[in-house]
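What follows is a guided reading of one model, moving from a single residue outward to the chain as a whole. Please keep the coordinates open while reading.

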Amino acid sequence: MEVCYQLPVLPLDRPVPKHVLSRRGAISFSSSSSLFGAPDPRQLSQRRGAISYDSSDQTALYIRMLGDVRVRSQVGFEPERRSSHPYLCIDFRTLHTRLGYGSTSDSTAPERRVHRLLSFQRYLHSSRMLRGVPQQIPLHILDEDYTGQARCMLEKVGNWNFDIFLFDKLTNGNSLITLTFHLLNQYGLVELFQLDMVKLWRFLVMVQEDYHSDNPYHNAVHAADVTQAMYCYMREPMLAKSLTSCDLLLGILAAATHDLDHPGVNQPFLIKTDHYLATLYRNTSVLENHHWKSAVGLLRETGLLSHLPAEDSLNMERELGSLILATDISRQNDYLSRFRRHLDQENLCLSNASHRHFILQMALKCADICNPCRPWELSKQWSEKVTEEFFQQGDIEKKHKLEVSPLYDREINTVGNIQIGFMTYVAEPLFAEWTRFSDTRLSQTMLGHMGLNKASWGALQQEQTSVSKEAEPSSAGAETEGAAARGDSNTATAAGGTSSKEIPQGSRES
């Protein structure tokens with residue numbers, strides 16, 4: 001049974017209000033107010049309350065839904081439902097009147113509101129009313145064989161060839177929860193920071209749930225993979241002897257939440273579709289700001305750090321944001337140049353808190369894009385997943401006559417050429433500098449895997465090219481045979497034979 005829910009949106013022709021109501025910061029497309037009537041004020045007053053997270057940075061406004069607080073608001077929209085892809089579920093043509101979408105030939109037709117269709121079970125799963133209630137459906141009880149194998153894998157969680165896909169299966173899709181909890185406990189951070197076990201578990205469950213499982217790449221498994229890689233980097237001798245307990249906690253939390261509530265599209269897509277988050281963050285690190293604020297919202301909602309002094313928890317939130325914002329790929333050259341400068345001048349001092357934090361930023365950047373450095377069997381899977389997510393965005397852009405983003409057109413790009421380009425211009429320069437900083441067996445292993453993977457993609461590209469070239473002569477031969485068949489038919493007709501109106505044989509073959 002499908003249940004239809006109406007989702008209000010933020011009008012584009014109004015300035016971004018100070019108090020923006022957002023359902024856990026979920027991604028949705030904005031719309032012209034001419035397409036949507038203003039919501040009923042009575043509905044606004046009946047909503048579960050909203051509170052704004054104010055900051056001196058006016059681009060960092062963020063809203064959280066909290067408890068039973070009821071707040072009346074004059075804002076022209078309400079929080080949206082989450083846990084689905086709005087751009088896949090609603091009529092895109094009604095979103096941007098200035099682009100010509102939504103115009104109808106029948107001007108007298110009654111105005112229609114856009115609705116998102118969610119299954120009843122999906123809506124219940126995403127309902128806030130279920131927050132904090134033990135899940136009864138998704139978390140099935142695993143038999144002892146599976147849990148035993150998962151425990152065995154956790155004993156080798158520091159190995160670079162850790163298979164996160166297998167681990168996710170063994171934990172029944174709960175790799176992020178299980179892995180993050182294990183690492184926090186292994187470092188003794190739960191006891192050291194006196195983290196409440198119930199709050200911690202609830203926080204991790206909510207983090208995993210806020211990743212979109214429909215995304216081929218930016219999902220909870222990717223977050224778990226990045227967290228495992230971050231753990232490997234923090235165990236490197238240069239970092240292991242210098243990082244404080246606070247650094248370790250921040251590194252693990254940042255890795256687990258660095259892509260929280262990722263919509264499966266990139267920043268340029270949000271900008272050219274006039275998404276309200278692009279306006280809110282002034283087209284700068286839009287997704288990364290959203291990930292950070294979503295993480296802060298969950299920390300506050302669960303009260304995970306509420307027992308700490310207020311100043312300490314605020315500092316941790318700011319440093320968490322600094323780490324997550326560093327993953328913005330558009331700022332890659334800025335961070336890489338600074339890293340290279342430090343290494344050239346040999347002035348990195350890990351007893352300095354700011355230098356340690358910068359190295360954590362670089363470690364998270366490496367962990368975020370370390371897929372080309374994994375063994376081929378793992379790297380190939382990640383490459384196919386991220387490329388499929390690119391192509392899905394390209395399909396949406398084509399469908400709605402938007403300019404297709406570079407590398408996002410499945411008709412002119414392949415997994416191989418995208419990966420070779422990414423390794424050449426993004427991954428190799430970054431990991432070369434990381435190896436200068438930490439020239440260990442792990443660093444050499446990563447560079448070795450990346451070289452082999454790049455060669456493998458090159459070989460696959462050549463193989464595909466040769467196959468396509470072989471196909472061309474065969475198709476030409478088929479055309480020649482078709483022409484000969486048509487010539488024989490014409491000869492037979494001229495000789496007085498019967499000729500039907502059938503399709504020529506050559507056309508059938510082609």
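In this predicted model, a convenient point of entry is Thr-257, which, once its neighbours within four places in sequence are set aside, is in contact with Phe-203, Val-207, Tyr-211, His-291, Ala-295, Leu-320 and Ile-324. Thr-257 belongs to helix α11, which covers residues 245–257. With a relative accessible area of 1%, Thr-257 counts as buried, because the cut-off for that class is anything under 20%.

The helix that carries Thr-257 can be described in similar terms. Helix α11 is mostly covered, since eleven of its 13 residues are buried, and the buried set includes Asp-247, Gly-251 and Thr-257 as well as Leu-248, Leu-249 and Leu-250. The geometry of α11 also agrees with expectation, because its 13 residues should span 18 Å at 1.5 Å a residue and its end C-alpha atoms are indeed 18 Å apart.

Among the contacts of Thr-257 are Phe-203, Val-207 and Ala-295, and these three residues lead on to a pair of packed helices, for they also take part in the contact between α8 and α14. How, in general, is such a pair described? Two packed helices are characterised by the angle between their axes together with the distance between those axes. Here, α8 (residues 197–209) and α14 (residues 286–302) pack at an angle of about 145°, and their axes are 9 Å apart. The crossing of α8 and α14 is right-handed. On the α8 side the contact is made by Lys-199, Arg-202, Phe-203, Met-206 and Val-207, while α14 contributes Ala-295, Leu-298, Leu-299, Glu-301 and Thr-302. By class, the residues of this contact comprise six nonpolar, one polar and three charged.

Just before α14 in the chain, the loop between α13 (276–280) and α14 holds Arg-282, whose phi is near 55°, a positive value in a residue other than glycine. Arg-282 counts as exposed, because its relative accessibility of 56% lies over the 50% cut-off. A second loop, between α16 (332–345) and α17 (353–368), contains Glu-346, where phi is again positive, at about 50°, although the residue is not a glycine. Glu-346 is likewise exposed, with a relative accessible area of 73%.

A positive phi also appears after helix α18, which is followed by Lys-401 with a phi near 60°. Helix α18 itself (residues 376–399) has 24 residues and reaches 34 Å from its first C-alpha to its last, close to the 34 Å expected at 1.5 Å a residue.

Further along, helix α20 covers residues 441–494 and includes Gln-464. Is Gln-464 buried, exposed or partly exposed? Its relative accessible area is 47%, so Gln-464 is partly exposed. The C-alpha atoms of Gln-464 and Gly-416 are separated by 10.0 Å, although the two residues lie 48 residues apart along the chain.

The view can now widen to the entire chain. The protein chain has 21 helices and four strands, and 50% of its 510 residues count as buried. Among contacts with a separation of 6 or more, 76% are accounted for by residues 24 or more positions apart. The chain exposes about 25,100 Å², of which carbon and sulfur atoms supply 52%.

Key. Residues are numbered from 1 along each chain as its sequence is written. This is a predicted model: local features need pLDDT of at least 70, side-chain atom pairs count only at pLDDT 80 or more; totals for chains, interfaces and linings use all residues. Side-chain values use heavy atoms; hydrogens and water are left out. Axes are lines fitted to C-alpha atoms, for helices over the stretch in contact, and angles run from 0 to 180 degrees between N-to-C directions. Helices (H or I, at least four residues) and strands (E, at least two) are DSSP runs, numbered from the N terminus. A crossing is left-handed if the near helix is turned anticlockwise from the far one by less than a right angle, and right-handed if clockwise. Contact means heavy atoms within 4.5 Å. Ala, Val, Leu, Ile, Met, Phe, Trp, Tyr, Cys and Pro count as nonpolar, Asp, Glu, Lys and Arg as charged, and the others, Gly among them, as polar. The expected span of a helix is 1.5 Å times one less than its number of residues. Buried means under 20% relative accessible area, exposed over 50%, partly exposed in between (1.4 Å probe, protein chains only). Accessible areas come from the Shrake-Rupley method with a 1.4 Å probe; for residues, only the protein chains shown count as cover.
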